[in-house]
Structures are given as structure tokens and as C-alpha cells.
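Visitor: I'm new here, and I'd like to know how the labels people use get decided. Could you walk me through a few?

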Amino acid sequence: MSDALARDFSSDLSTPTYIAVTAPDSPQANAAVAEYAGRVARVANVDLVAPPQYVGKDTWRIDAYSSVESFSSDGQQVVRDTRATETPYPALVGGLPASFV
């Protein structure tokens, strides 16, 4: 079982880089935030991006997972590249990986 998990889920799902996007709960914002999540999915070393979730009070959450170590230079670069990704609305990038940048 552990071999299958390691093979099929190489990303560390316990330490995502999370993105908080400030946007209304509307069809237009939903589409724009989903499109942004797609751009985040194309960041180097990002292996998986969870669908955006509206969490209330004009806030959306996107979790991005990477197979590189959070504290490594590659992990820090994932955070930098995610922060540099064009956003349709204000966005903050956080989580354990971001705490090293």
C-alpha cells in the first residue's frame, strides 16, 4: 500500500502551498479563479492543484502541491513562481513552503 501511495501520489499532500484569493462568490469570479488555478498548475514543480474552493467573505482557497521539499531551494522557487503568476484578483501565497521564503 505505501509503495502504491508513493508511486501514485508523489507530492506531499500534508504541506500544500495555499493561495487565498480575494474575490466575490460570482460566476465570473469563479471562472477567473479557476483559470488562475490552471496557471498555478503550470508552475514548475507544482504537481497537483486542488480546485478552488469558496470559503466565504469574498475569499477563495487554492491548494498547490509539489514533490520538492518545502525548505529546499526548489520548494522556495515554487513559492516565488506562484507569487509571480498573474492573478485576476488580489492573492496571498502561504503555507509551510512559503514560510521559508
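**Exposed, buried and in between**

Guide: Let's start with Asn45, whose relative accessibility is 35%. Keep in mind that this is a predicted model.

Visitor: Why is Asn45 called partly exposed?

Guide: Buried means under 20% and exposed means over 50%, so Asn45, at 35%, counts as partly exposed. You'll find Asn45 in the loop between α2 and β2.

Visitor: What makes the phi of Asn45 worth a look?

Guide: Most residues other than glycine have a negative phi. Asn45 isn't a glycine, yet has a positive phi of about 70°. Lys57 isn't a glycine either, and has a positive phi of about 50°.

Visitor: Where is Lys57, and how do you know whether Lys57 is buried or exposed?

Guide: Lys57 sits in the loop between β3 (53-56) and β4. Its relative accessible area is 81%, and the exposed label needs over 50%, so Lys57 is exposed.

Visitor: Why does Phe71 count as exposed?

Guide: Same kind of check: Phe71 has 53% relative accessibility, and the cut-off is over 50%, so Phe71 counts as exposed. Phe71 belongs to the loop between β4 and α3. Together with Leu96 and Phe100, Phe71 forms a nonpolar surface patch of about 310 Å² accessible area.

Visitor: And which residues touch the most other members of the largest nonpolar core?

Guide: Those are Ile19, Val21, Val49 and Ile62, out of 19 residues. The largest share of this core, 5 residues, comes from α2.

Visitor: What is Ile19 in contact with, leaving aside neighbours within four places in sequence?

Guide: Its contacts include Tyr36, Val40, Trp60 and Leu92.

Notes:
Residues are numbered from 1 along each chain as its sequence is written. This is a predicted model: local features need pLDDT of at least 70, side-chain atom pairs count only at pLDDT 80 or more; totals for chains, interfaces and linings use all residues. Side-chain values use heavy atoms; hydrogens and water are left out. A nonpolar core is a set of buried Ala, Val, Leu, Ile, Met, Phe, Trp, Tyr and Cys residues joined through side-chain atoms within 4.5 Å. Buried means under 20% relative accessible area, exposed over 50%, partly exposed in between (1.4 Å probe, protein chains only). Helices (H or I, at least four residues) and strands (E, at least two) are DSSP runs, numbered from the N terminus. Contact means heavy atoms within 4.5 Å. Patches are made of residues with over 30% relative accessible area and no salt bridge: like charges are joined within 9 Å, nonpolar side chains (Val, Leu, Ile, Met, Phe, Trp, Tyr) within 5 Å. Accessible areas come from the Shrake-Rupley method with a 1.4 Å probe; for residues, only the protein chains shown count as cover. A salt bridge is a side-chain nitrogen of Lys or Arg within 4 Å of a carboxyl oxygen of Asp or Glu.
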